[in-house]
Amino acid sequence: QTDDFICLASDGLWDVVSSEEVAGMVRDTVKNPSMVAQRLGLEACSRGSRDNISVLVAFTKQGLGSHEKIFEGGREKHGFTQTFYGSR
């Protein structure tokens with residue numbers, strides 16, 4: 001099985017969540033890709049991480065991601081990627 005994503009995160013995540021657990025959570029949440037990084041950050045918080053928590057998940061397969069397109073008059077007007085910013 002190949003990975004369809006890359007997860008870059010600070011020690012705030014990796015100190016309390018293993019890479020295997022991250023992979024499982026990403027695969028479970030891929031139905032809503034825009035929520036993946038938020039879910040991982042919240043999981044680290046709920047496990048009592050005492051370090052900075054920064055998480056970025058990039059999907060490497062086409063069709064997986066939170067890219068949105070806005071259409072006007074049948075033509076693409078804007079494209080943007082939904083991003084979650086937060087701190088604890």
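What percentage of the 88 residues in the protein is made up of buried residues? In this predicted model, buried residues make up 23% of the 88 residues. The accessible surface of the protein comes to about 6,300 Å², and 48% of that surface belongs to carbon and sulfur atoms.

**Overall arrangement**

The protein has 3 helices and 4 strands, and along the sequence these elements follow the pattern β-α-α-α-β-β-β. When contacts with a separation of 6 or more are considered, 54% of them are accounted for by residues 24 or more positions apart.

**The nonpolar core**

In soluble globular proteins, nonpolar side chains tend to be buried together. Here the largest nonpolar core holds 13 residues, and the members that touch the most other members are Leu 13, Val 22, Val 26, Leu 40 and Val 57. At least two residues of this core are supplied by each of strand E1 (5-9), helix H2 (19-29), helix H3 (36-46) and strand E2 (55-59), with the largest share, 4 residues, coming from H2. Leaving aside residues up to four places away in sequence, Val 57 touches Phe 5, Ile 6, Cys 7, Val 36, Ala 37 and Leu 40.

**Salt bridges**

A search of the whole structure finds 3 salt bridges, which are set out below.

| Acidic residue | Basic residue | N to O distance |
|---|---|---|
| Glu 21 | Arg 47 | 3.1 Å |
| Asp 28 | Arg 39 | 3.0 Å |
| Glu 43 | Arg 47 | 2.7 Å |

In the salt bridge between Glu 21 and Arg 47, distant parts of the chain are linked, since Glu 21 belongs to helix H2 whereas Arg 47 sits in the loop between H3 and E2, 26 residues apart. Arg 47 also meets Glu 43 in a salt bridge, and Glu 21, Glu 43 and Arg 47 are linked in a network of salt bridges.

For the salt bridge between Arg 39 and Asp 28, Arg 39 lies in helix H3 and Asp 28 in helix H2, so this pair ties together parts that are 11 residues apart in sequence.

Are the residues of the network buried, exposed or partly exposed? Glu 21 is partly exposed, with a relative accessible area of 31%, and Arg 47 is likewise partly exposed, at 33%. Glu 43 has a relative accessibility of 22% and therefore counts as partly exposed, because buried means under 20% relative accessible area. In the other pair, Arg 39 is partly exposed with a relative accessible area of 30%, and Asp 28, at 43% relative accessibility, also counts as partly exposed.

Notes. Residues numbered from 1 in each chain as written. Predicted model: local features only at pLDDT ≥ 70, side-chain atom pairs only at ≥ 80, totals over all residues. Heavy atoms only, no water. Core = buried A, V, L, I, M, F, W, Y, C linked by side-chain atoms within 4.5 Å. Buried < 20%, exposed > 50% of the residue type's maximum accessible area, 1.4 Å probe, protein only. Contact = heavy atoms within 4.5 Å. Areas by Shrake-Rupley, 256 points an atom, 1.4 Å probe, with all protein chains shown as cover. Salt bridge = Lys/Arg side-chain N within 4 Å of Asp/Glu carboxyl O.
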